[in-house]
Amino acid sequence: MTEISARDRKAAKGVSAKGAAAKGAPTLAARVLELVASGQASSRAELAALLGAAPSTISLTVAQLVERGLVAEEGTQSSTGGRPRKVLRVGGNDEYAIAADVGGRHARIGVVLPGGGLREVTGVPFEIDDGPEAALPRLAEHLEALATARGRARLRGVGLSLPGPVDAAAGAVVLPSRMPGWNRFPVADWLEERFGVTAVVDNDANCMAVGEQSVRPAGHRQSIMVKIGSAIGAGVIADGRLYRGATGAAGDITHIRVDAGGADVPCSCGNTGCLETVASGAALVRILRERGLDVTSTEDVVRLAGDADPEATRAVRRAGDHLGQVLAANVNFFNPDAVYLGGILSTLEPFVAAVRGQLYESCHPLVTEHLTIERASLGADAGLVGAGLFALQRALARALGEAGGGVVPVPAPARG
């Protein structure tokens, strides 16, 4: 979320929606929709506090959105004094998105409601090695079944979380290391043509970061979400919003080189000794096979470590140390409120303990004094929730544009 200084607010006066759009600045109406849709705000008072705007300005903006049918007010919630606050929600009661969080051999699909509510979650087969032309139609059949059961007319968007670098604007994966045939394939366009609604595609770590942010305390506005599965990725939340960086690669800690015994192991990026080669699930499979253990997948590694196998536990701890070393530099630099760990390796306490230990050992005490370091509270659902929220927010933004946009621009130096 973006704080607005008095100088910013003064500069914003008299700027039309058309002028704001031309400069690329999100309007206040767009930010209100984003915060309400994501569940980060449910009242006018909360919106005013988070956006640093005058209550009268927020009330005017909310009233405009209510008039356009993009936001509704209903019921009341308790307050600390004064009149009870009306609860804000976006769209109609029954509007929703369908979403999928895909991996190498399976996908989790479900229905995502405004605010991040999750319904009808299930796992389905998904072979990413088959390429998009074969894999997407099979996934779409499962998603269609969800939409049909819930009511196709109320579907507002489709969100897809993918395990590779994603150009979110283009809706395509770019140079993925383990996704043959997916490079530059227009996934979002394909989904929009198939379903006839807004479609959004993003990286799995980014989706997890947004999903987890939707259920975290409003005070936690800076965080790093790390997904540790077969590969490693991270999503960065700055001022309550996903931070993408200049080219969308923010959070790519995978290719940071590590001073470790695997310094000669080649990485998909062309270098050697990258974090992925010593701390990912794929790296652990390779390491344990070299030590004579019968493992073929990250799930096998987790099973062995869960059974307290000495070799597996030692390898998992070492991987946590490496990740903690890389994170320490980023945590010292960024000074977040929290570091959240997700993905299958985060289910192992030796791994989490090693990451936590390295952060406390390597970071400045001022940085770790109030730092939260824990597993993602949404667990395996974080990416699914994030993908669905992305879809709902994009659909609302389009609806706002078609309805004429907003009036007050909101400067966003850390925009995603």
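This is a short chat about the cores, one sheet and some salt bridges of a predicted model.

User: I'm new to this one, so which residues have the most contacts inside the largest nonpolar core?

Analyst: In this predicted model, the largest nonpolar core has 40 residues, and those with the most contacts inside it are Val-226, Ile-253, Leu-323, Leu-327, Phe-351 and Leu-359.

User: And which helices and strands supply at least two residues of this core each?

Analyst: On the strand side they are S10 (223–228), S11 (232–238) and S13 (338–342), while the helices are H9 (276–279), H10 (281–290), H11 (298–306), H12 (310–334) and H13 (349–362). The largest share, 9 residues, comes from H12.

User: What does Leu-323 touch?

Analyst: Leaving aside residues up to four places away in sequence, Leu-323 touches Val-226, Ile-228, Ile-253, Leu-275, Phe-351 and Val-355. Among these, Val-226, Ile-253 and Phe-351 are also listed with the most contacts inside the core.

User: How many residues are in the other core?

Analyst: That other core, which lies apart from the largest one, has 34 residues, and among them are Val-124, Ala-147, Met-179 and Ala-188.

User: Switching to the sheet: in what order do the 5 strands come?

Analyst: The order is S12-S11-S10-S13-S14, in an open sheet whose pairing is mixed. At the edges are strand S12 (241–243) and strand S14 (372–375), each of which pairs on one side only, and the twist from one strand to the next averages 25°.

User: Do S10 and S13 pair in the parallel or the antiparallel sense?

Analyst: S10 and S13 pair in the parallel sense, over 5 bridges. Val-226, for its part, has Leu-341 in S13 as its bridge partner.

User: Which strands does H12 touch when it packs on the sheet?

Analyst: H12 touches S10, S11 and S13, and its direction makes about 165° with that of S10. H12 is also the helix that gives the largest share of the core, with 9 residues.

User: New topic, salt bridges: how many are found in the whole structure?

Analyst: A search of the whole structure finds 20 salt bridges. One of them joins Arg-150 and Glu-120, whose closest N and O atoms are 3.0 Å apart. That pair links distant parts of the chain, since Arg-150 is in helix H6 (residues 132–150) and Glu-120 is in strand S5 (residues 118–125), 30 residues apart.

User: Why does Arg-150 count as partly exposed, and what about Glu-120?

Analyst: Arg-150 counts as partly exposed because its relative accessibility is 24%, and Glu-120 counts as partly exposed because its value is 38%. Buried would need under 20% and exposed over 50%.

User: Which helices does the pair of Glu-192 and Arg-398 link?

Analyst: Glu-192 is in helix H7 (residues 187–195) and Arg-398 is in helix H15 (residues 382–402), so the pair links distant parts of the chain, 206 residues apart. Their side chains meet in a salt bridge at 3.1 Å, N to O. Glu-192 is partly exposed at 22% relative accessibility, and Arg-398 is partly exposed with a relative accessible area of 39%.

User: What about Asp-130, what does its side chain meet?

Analyst: The side chain of Asp-130 meets that of Arg-138 in a salt bridge, at 2.6 Å from N to O. Asp-130 counts as partly exposed at 42% relative accessibility, and Arg-138 counts as partly exposed at 41%.

User: Last one: which residues are linked in a network of salt bridges?

Analyst: Arg-31, Glu-34 and Arg-241 are linked in such a network.

Definitions and conventions. Residues are numbered from 1 along each chain as its sequence is written. This is a predicted model: local features need pLDDT of at least 70, side-chain atom pairs count only at pLDDT 80 or more; totals for chains, interfaces and linings use all residues. Side-chain values use heavy atoms; hydrogens and water are left out. A nonpolar core is a set of buried Ala, Val, Leu, Ile, Met, Phe, Trp, Tyr and Cys residues joined through side-chain atoms within 4.5 Å. Buried means under 20% relative accessible area, exposed over 50%, partly exposed in between (1.4 Å probe, protein chains only). Helices (H or I, at least four residues) and strands (E, at least two) are DSSP runs, numbered from the N terminus. Contact means heavy atoms within 4.5 Å. A salt bridge is a side-chain nitrogen of Lys or Arg within 4 Å of a carboxyl oxygen of Asp or Glu. Two strands pair if DSSP finds at least two bridges between them. Axes are lines fitted to C-alpha atoms, for helices over the stretch in contact, and angles run from 0 to 180 degrees between N-to-C directions.
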